[in-house]
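Please look over the sequence and the model below before reading on. The paragraphs that follow start with strands and end with helices.

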Amino acid sequence: MWSFFARDPVKDFAYEILPESPEKSGIWTLHRGKRKTSGDPVSVFVYEVAQGTEQQTQLAKAAFKRMKTLRHPNILTYVDGLETDKSLYVVTEQVTPLSVHLKAQAEKGGAGELEISWGLHQIVKALSFLVNDCHLLHNNLGIWAVFVDRAGEWKLGALDHLAPEQGDPSGVSLPTPKAVYPDMEKYDPPEASNSSGEKWAGEVWRLGCLIWEVFNGPLPRTSSLRSLGKIPKSLVPHYCELVGANSRARPNPARFLQNCRAPGGFLSNSFVESNLFLEEIQIKDPAEKQQFFQDLNDHLDSFPEDFCKHKVLPQLLTAFEFGNAGAVILTPLFKVGKFLSAEEYQQKIIPVIVKMFSSTDRAMRIRLLQQMEQFIQYLNEAAVNSQIFPHVVHGFTDTNPAIREQTVKSMLLLAPKLNETNLNQELMRHFARLQARDEQGPIRCNTTVCLGKIASYLNAGTRQRILVSAFSRATKDPFPASRSAGVLGFAATHNYYSVTEIAARILPTLCTVTVDPDKGVREQAFKAIKSFLIKLETVSEDPSKLAEIEKDVGSSAQPAGASSSWAGWAVTGVSSLTFKLIRNNPGGEGSAAAEGSGPSSATSPTSPTDGASALSKGTAFFNEPHHIEIKLFYAGRSSASMAVKKQSSDWSSSGWDADDSWSNEKEGQGQSSAGEEGWGNDWGEEEADVTPASKNLPLPEGVRLASEYNWDSSSGKGATQNDLFASVSQRNTAAATVRSQQEKKD
């Protein structure tokens with residue numbers, strides 16, 4: 001029983017003092033600490049009674065009492081405390097002395113004016129609260145009385161000498177700072193303490209001393225206040241009012257704050273405005289919040305890192321969780337996320353992103369897809385396959401072409417993290433549908449490009465079953481850029497084909513492209529043919545090299561984590577579908593022929609001819625980047641039904657719909673599955689799934705649908721009037737039509 005009364009209260013204290021080097025703060029010693037139960041970081045101010053004088057003990061007990069009763073956002077927050085016969089403990093939020101903070105900032109290049117402006121705003125606001133609302137005088141304001149929390153917020157502390165402006169009713173007076181520390185006399189105002197000036201005159205004088213020390217360092221003597229030093233010009237006139245000799249002319253702290261907040265003042269800037277808005281965000285209208293988050297993105301780059309992490313980020317997360325901020329918070333959210341560590345990102349950002357993917361808001365979905373590169377590295381494979389990919393695939397069938405386009409592009413980043421089923425079955429099924437039936441030529445082109453880029457992640461059976469058929473399909477596309485992408489697809493994935501496939505399937509397909517109406521497509525076809533022939537010649541001359549050339553044909557899928565860049569071997573100039581239009585401007589740069597000839601600007605190295613190093617040089621050709629500039633079609637509305645019918649007839653008339661069906665290649669090549677067998681069904685139902693659009697919707701002036709463009713036309717700027725290959729292609733098509741009609745008559 002007696003042991004209970006003899007227990008040491010310090011051991012039962014809920015906070016632990018960490019064994020780090022403490023900081024001296026007046027009569028207190030500042031330690032870092034943490035809560036024993038949760039580990040939350042705190043600061044602990046400790047005063048040892050045995051080491052102090054009677055006056056200091058009196059000040060410590062007075063400060064302990066004031067800290068418990070004073071509550072204000074700009075005053076150091078009291079958390080807990082303990083008073084014993086030997087010592088006093090005051091636990092507050094985790095803070096750092098301002099002098100230490102400024103020294104650390106100086107090592108990084110110095111604290112910015114934005115950070116200092118908001119810090120001074122907070123201290124003046126706290127001083128105004130004490131003087132005008134509480135009728136208290138701080139009597140100890142200086143750089144030693146200011147502390148900085150994790151978010152960079154300045155807090156007023158050191159309440160040791162805090163007293164009522166009319167004096168303590170009990171008649172007990174606290175000792176002045178210079179009575180405890182003689183060197184504090186230089187911070188006292190020049191007038192006598194019993195002068196007839198305003199009660200706050202001494203407070204704002206010390207505020208002027210604080211401003212001088214923030215910009216110029218420790219104050220050597222009182223007369224140094226006359227030298228402005230590094231004080232900003234916009235602050236100089238207001239600073240001079242604070243340290244003026246006439247005590248009656250010194251402004252009230254609230255008036256000083258108002259003067260500095262005037263247009264052009266030191267406290268009138270985007271950082272202060274943003275902070276003030278965040279302090280009142282709970283009472284703001286939804287429209288005001290939307291506008292604030294929209295404007296915030298432009299200012300974040302100039303804001304301090306700690307402020308973004310600890311003040312802006314929580315507000316962004318709260319706005320998403322409990323408000324209707326929507327997609328507008330995504331851009332600032334990802335920008336702030338760059339300041340977080342990998343662990344912090346996983347804890348704070350990833351749960352929000354996963355939840356966002358389930359949103360039906362189109363604006364949010366497309367922004368997530370556009371900015372996926374910023375957070376994909378933090379997503380684990382389990383979350384991608386179970387929580388993200390099932391929602392993303394809905395974008396493949398979205399009626400908005402921009403969402404379909406971004407969904408295709410996002411697969412470059414998601415593919416390395418997809419599992420066997422999602423990658424080799426589900427994704428390939430959607431790619432087959434897009435490449436065969438999407439009415440937008442650029443989307444069909446991008447699908448082909450993406451397939452070539454993610455080929456290394458597919459398993460060997462899927463590659464053998466899909467790649468040749470898919471790229472062969474692309475070479476017969478009405479859109480020139482898609483045909484060029486098909487040729488370059490063969491080139492980019494050359495190492496996955498056996499010499500038998502090259503000779504029997506790839507070269508015959510490429511040879512038909514050598515008479516393509518588009519010159520750029522023909523050029524790419526000739527280069528690809530020469531490079532494939534080099535491989536065949538190499539094996540013919542030295543059959544022992546067959547194993548080396550075909551070493552990747554049956555290789556397993558590339559491990560996750562390998563980099564995939566959209567600006568690779570094909571498309572680098574793809575823009576949003578809603579901005580690039582084909583305009584009906586005959587003979588100009590915007591004409592259909594000029595737009596369709598985009599791939600003619602593609603450049604690639606000349607095919608090697610040196611027989612001694614033919615294989616190495618030929619392989620190097622495929623590894624070089626190939627670029628296609630794609631001009632995109634009008635996509636503001638769905639195509640008319642006649643356009644879809646014309647496209648369907650164009651594709652089916654070529655005869656490759658049946659011959660090159662990806663599913664037809666399953667027999668005898670790799671494993672088949674129920675999901676893969678649906679490919680043929682998707683293509684066979686091409687016309688059945690088409691929903692007729694209204695024919696009465698007028699198109700903008702000068703804009704034509706993709707299906708209305710004469711793909712065989714070679715007119716336009718830069719096109720040759722008498723193109724031999726184009727005419728040959730047209731004659732062949734005409735002859736085939738005549739033969740078909742004669743067969744029907746017979």
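Two strands are said to pair if DSSP finds at least two bridges between them, and the elements themselves are DSSP runs numbered from the N terminus, with helices being H or I runs of at least four residues and strands being E runs of at least two. This is a predicted model, in which local features need pLDDT of at least 70 and side-chain atom pairs count only at pLDDT 80 or more, while totals for chains, interfaces and linings use all residues. Residues are numbered from 1 along each chain as its sequence is written, and side-chain values use heavy atoms, with hydrogens and water left out.

A convenient place to begin is strand β3. Strand β2 (residues 23-25) is joined to β3 by three bridges, and the two run antiparallel; within this pairing, S25 stands opposite W28 in β3. The two strands make a hairpin with two residues between them, and G26, which lies in the turn, has a positive phi of about 65°.

Strand β1 (residues 15-17) also pairs with β3 (residues 28-35), in the antiparallel sense and over three bridges, and here Y15 has R35 in β3 as its bridge partner. Strand β4 (residues 41-48) is joined to β3 by six bridges, again with an antiparallel run, and L30 has its bridge partner, F45, in β4. The hairpin of β3 and β4 has five residues between the strands, and in that hairpin G39 takes a positive phi near 80°.

Further along the chain, A163 belongs to strand β11 (residues 163-164). Which residues does A163 contact, leaving aside its neighbours within four places in sequence? With contact taken as heavy atoms within 4.5 Å, they are L136, L137 and N139. A163 and N139 are 24 residues apart in sequence, yet their C-alpha atoms are 7.8 Å apart in space.

UniProt, in an unreviewed entry, lists residues 388-426 as "repeat: HEAT", and such annotations may be inferred rather than shown by experiment. In the model this span is 67% helix and 0% strand, with its end C-alpha atoms 14 Å apart.

The last stop is helix α20 (residues 460-474), whose 15 residues, at 1.5 Å a residue, should span 21 Å, and this agrees with the 21 Å between its end C-alpha atoms; the expected span is 1.5 Å times one less than the number of residues. Helix α20 bends by about 30° at I466, the bend being the angle between axes fitted to the seven residues ending there and the seven starting there. Of the 15 residues in α20, 14 are buried, meaning under 20% relative accessible area with a 1.4 Å probe and protein chains only.

Technical notes: Buried means under 20% relative accessible area, exposed over 50%, partly exposed in between (1.4 Å probe, protein chains only).
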